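Here are some exercises to work through at your own pace. Have a go at each task before you read its solution.

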Amino acid sequence: MSPVAAPRSTTAAPIAPFFGPDYGALVRTDPQIAGVLLDELERQRGTLQLVASENPTSPAVLAALGSVLSNKYAEGYPGRRYYGGCAQVDEAERLAIERARALFGAEHANVQPHTGAAANLAVYAALLTPGDRVLAMALQHGGHLTHGAQGNFSGTWFDTVGYPVGEQTELIDYDKVREAARTHRPKLIICGATSYSRLIDYAAFRSIADEVGAYLLVDAAHFAGLVAGRAIPSPVPYADVVTFTTHKTLRGPRGGAILCRAELASAIDRAVFPFAQGGPLMHAVAAKAVAFAEAAQPEFRAYAAQIVANARALAAALAREGMRPVSGGTDTHLAVLDLRGAAGGGVRTAAGAKVTGREAELRCERAGIMINRSCVPYDSAKPMVTSGLRVGTATVTTQGMREPEMQRIAALIGRAVRDADGAGAPAVQKDVAELVREFPLYG
Ligand SMILES: *Cc1c(COP(=O)(O)O)cnc(C)c1O
């Protein structure tokens, strides 16, 4: 990590929308943190963001986040608080709830979870007791930490069983999921993952859950924005509960939310507060309301469709660079690339060496391309090393890039990944800077 430089600017005016109402006050009070904020803005603007779980929010969302609502305690729910003075924040939370319900067509919404992981914790708490069995996608095949990882509450307090993807297809094998459900009789089945690029057959999961009498949780953390933008089908009609983050494709503030059927509403609400959380982050709740309103606009539909078109174009272009898209491609905002390629091909440096996921991630970062390594299904490499990369197109699409830019990005990634000794990094970095200058973030 590079050391934090002194702030480059002490004038609040040009950057105020991104740093709350008085950046000048921060510069005077805490120049070190003021410098971090400025450096981070510069990093986000000056490099290429392909981390699939990130998306830069609008200035309107940032304004709500950097607001006096952070000052307010509001344990409880609108109209039922444990503190006085909640009329204003009640209004913010009511708007967030109504907008979330309308956006997703859900009977009930809870907008208080601090994060996606907190939303999942609350769902486990509402539906299960410790020791109960949960069936979810295996972590090495794309599942999330909260779907049964050792070291996480899910793997510690619950008996979690993972379902794999097919070895040949790299797709969810619904017969295998049904078989696992019959064998293990889970009380909760989870679908929706972290590194799975394809559509999920929710009707199939519903039928499996019904057969064994399990609840169905769809964890839409990654793709909720694509659902909101009608670019992919909605899980809401099929699931008992849907959790999602508001900061990934949905492009809102960092946070979580839960949708459920009316009969589970009070169990879910009690599991969020008072079971899992104390006071809600009302500035984040207000910012979620802003993001839900933004996602209901017609432009957001065009945005969501373009995210998917861009992901398909990027995956295809990366395949031409020797990186094999897992499952052959993508239906969503992300793609997982197997650097080993197909049939002994794959990415090789000029000297003919293979490239691991970790090496590829570091080489890209060196060249100004932010990306993360990823396990591929049935990966032979260790989890800290991996054989793959995961790319997402939410941020670059927010910047206005389209299919032609995906070709340029794939070429830049290819050059960076093959550059073993770093000799070519400055040249790639220069081309990255040129590309992002054409599509300025917070321009
Ligand atoms: C990102 C993610 C989460 C958790 O979100 P945090 O806000 O990081 O806690 C949960 N589930 C899935 C599938 C995710 O991808």
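**Exercise 1. Find the polar contacts of the ligand.**

Start with D219: one of its polar side-chain atoms lies 2.6 Å from a nitrogen atom of the ligand. Taken alone, the ligand exposes 380 Å², and the protein buries 86% of that (Shrake-Rupley areas, 1.4 Å probe). Next, turn to A117, where a backbone N or O atom is 2.8 Å from an oxygen atom of the ligand. Then look at H144, which has a side-chain N or O atom 3.5 Å from a ligand nitrogen. A polar contact here is a pair of N or O atoms within 3.5 Å.

A word on the source: this is a predicted model, where local features need pLDDT of at least 70, side-chain atom pairs count only at pLDDT 80 or more, and totals for chains, interfaces and linings use all residues. Residues are numbered from 1 along each chain as its sequence is written, and side-chain values use heavy atoms, leaving out hydrogens and water.

**Exercise 2. Describe the shell around the ligand.**

First, list the neighbours: 13 residues surround the ligand, and G116, A117, D219, H222 and K248 are the closest (a heavy atom within 4 Å counts as near). Next, sort them by class: 3 are nonpolar, 8 polar and 2 charged, with Gly counted as polar. Finally, helix α5 (residues 116-127) gives the most to this shell, 3 residues.

**Exercise 3. Examine the backbone at T386.**

T386 lies in the loop between β14 (372-374) and β15 (388-392) (strands are DSSP E runs of at least two residues, helices H or I runs of at least four). Its phi is near 65 degrees, a positive value in a residue other than glycine. T386 counts as buried because its relative accessibility is 2%, and buried means under 20%.

Technical notes
Polar contact = N/O pair within 3.5 Å; in protein donor to acceptor, adjacent residues only side chain to side chain. Buried < 20%, exposed > 50% of the residue type's maximum accessible area, 1.4 Å probe, protein only.
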